[in-house]
Amino acid sequence: MMGHKIVLLGIAGPLLLGSCALFGLPTTYLFKHNPNQADPNAVGNAVASESGGGMVTTVLSLSGLTPGKAYIAHYHAFGPDSSTNPCASNGPVTVGFPNFTADASGNASVTVKTEQVKIEGDKGAYINVHYASDPSAVPICAPVKLAKG
Ligand SMILES: [Cu+2]
């Protein structure tokens with residue numbers, strides 16, 4: 001019996017490590033600052049949780065934003081520009097969060113519930129936060145899937 005358990009664990013470990021980042025939810029992803037000058041103190045995290053019926057709820061908790069400023073955020077797929085740095089891969093939007101505005105202290109929280117299939121694997125490689133007024137300004141990005149494929 002003991003040998004059986006060891007064998008099973010030996011199989012389960014690599015499977016878990018090799019599987020999609022969304023297995024084993026809830027999972028927290030940390031935002032990193034992009035190499036630009038937008039909102040230099042911006043930080044935060046994204047917590048993704050299974051919410052039943054094949055749905056995933058993702059909550060962004062952000063601070064260091066510009067007080068009163070409007071933002072947009074998205075899940076993006078792995079793009080063509082990098083296979084090891086999702087935030088630099090320039091991938092297409094797969095799921096959009098509702099538009100949101102930072103409060104008077106520069107904090108914001110926004111939640112989206114989406115079908116897991118829309119963000120599985122390379123389809124949910126990273127989450128970024130853009131200025132609503134200028135989507136090319138992306139102060140922070142949270143890597144979700146660290147390697148393409
Ligand atoms: Cu985006």
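**How many strands and helices does the protein have?** This predicted model has one helix and 10 strands. Read along the sequence, the order runs α-β-β-β-β-β-β-β-β-β-β. The chain counts 149 residues, and 40% of them are buried. Take the contacts with a separation of 6 or more: 59% of them come from residues 24 or more positions apart.

**View 1. Confidence along the chain, with residues 1–19 in the frame**. Mean pLDDT for the protein comes out at 88, and 84% of the residues reach 70 or more. Residues 1–19 are another story: pLDDT stays under 50 there, and the model gives this stretch zero contacts beyond four places in sequence. Where pLDDT is low, the predicted coordinates should not be read in detail.

**View 2. The copper ion and its donor atoms**. Four residues coordinate the copper ion: His74 through ND1, His76 through NE2, Asn128 through OD1 and His130 through NE2. The donor distances run from 1.9 to 2.3 Å. In sequence, the donor residues follow the spacing H-x1-H-x51-N-x1-H. His76 sits in strand β5 and His130 in strand β9 (residues 126–131), so this pair ties together parts of the chain that are 54 residues apart in sequence. His76 and His130 are both buried.

**View 3. Angles at the copper ion**. What geometry do the four donor atoms give the site? The angles among them go from 84 to 137 degrees, and the site is irregular. To pass as tetrahedral, four donors need all angles between 85 and 135 degrees, so a range of 84 to 137 degrees misses that window. For reference, the ideal angle for four tetrahedral donors is 109.5 degrees.

**View 4. The disulfide between Cys87 and Cys141**. The structure holds one disulfide, and here it is: Cys87 joined to Cys141, with an S to S distance of 1.9 Å. It links distant parts of the chain, with Cys87 in the loop between β5 (70–76) and β6 (93–96) and Cys141 in strand β10 (residues 140–143), 54 residues apart. The torsion about the S-S bond is about -85 degrees, so the disulfide is left-handed. Is Cys141 buried or exposed? Its relative accessibility is 1%, so Cys141 counts as buried.

**View 5. The salt bridge between Asp122 and Lys145**. The count comes to two salt bridges in this model, and this is one of them, with N to O at 2.8 Å. The partners come from distant parts of the chain: Asp122 is in the loop between β8 (108–115) and β9, while Lys145 is in the segment after β10, 23 residues apart. Asp122 has 25% relative accessibility and therefore counts as partly exposed. Lys145 has 13%, so Lys145 counts as buried; the cut-off for buried is under 20%.

**View 6. The salt bridge between Lys118 and Glu115**. Side chains of opposite charge can pair when their charged atoms come close. Here the side chains of Lys118 and Glu115 meet, N to O, at 3.6 Å. How do the two partners stand for accessibility, and what does each count as? Lys118 has 39% relative accessibility, so Lys118 is partly exposed. Glu115, with 38%, counts as partly exposed too.

Definitions and conventions
Residues are numbered from 1 along each chain as its sequence is written. This is a predicted model: local features need pLDDT of at least 70, side-chain atom pairs count only at pLDDT 80 or more; totals for chains, interfaces and linings use all residues. Side-chain values use heavy atoms; hydrogens and water are left out. A disulfide is a pair of cysteine sulfur atoms within 2.5 Å. Helices (H or I, at least four residues) and strands (E, at least two) are DSSP runs, numbered from the N terminus. Buried means under 20% relative accessible area, exposed over 50%, partly exposed in between (1.4 Å probe, protein chains only). Donors are N, O and S atoms within 2.8 Å of the metal (3.2 Å for Na, K and Ca); water is not among the atoms, so sites may look incomplete. Four donors count as tetrahedral if all angles lie between 85 and 135 degrees; four count as square planar and six as octahedral if opposite donors are over 155 degrees apart and all others between 65 and 115; anything else is irregular. pLDDT is the predictor's confidence in each residue, from 0 to 100. Contact means heavy atoms within 4.5 Å. A salt bridge is a side-chain nitrogen of Lys or Arg within 4 Å of a carboxyl oxygen of Asp or Glu.
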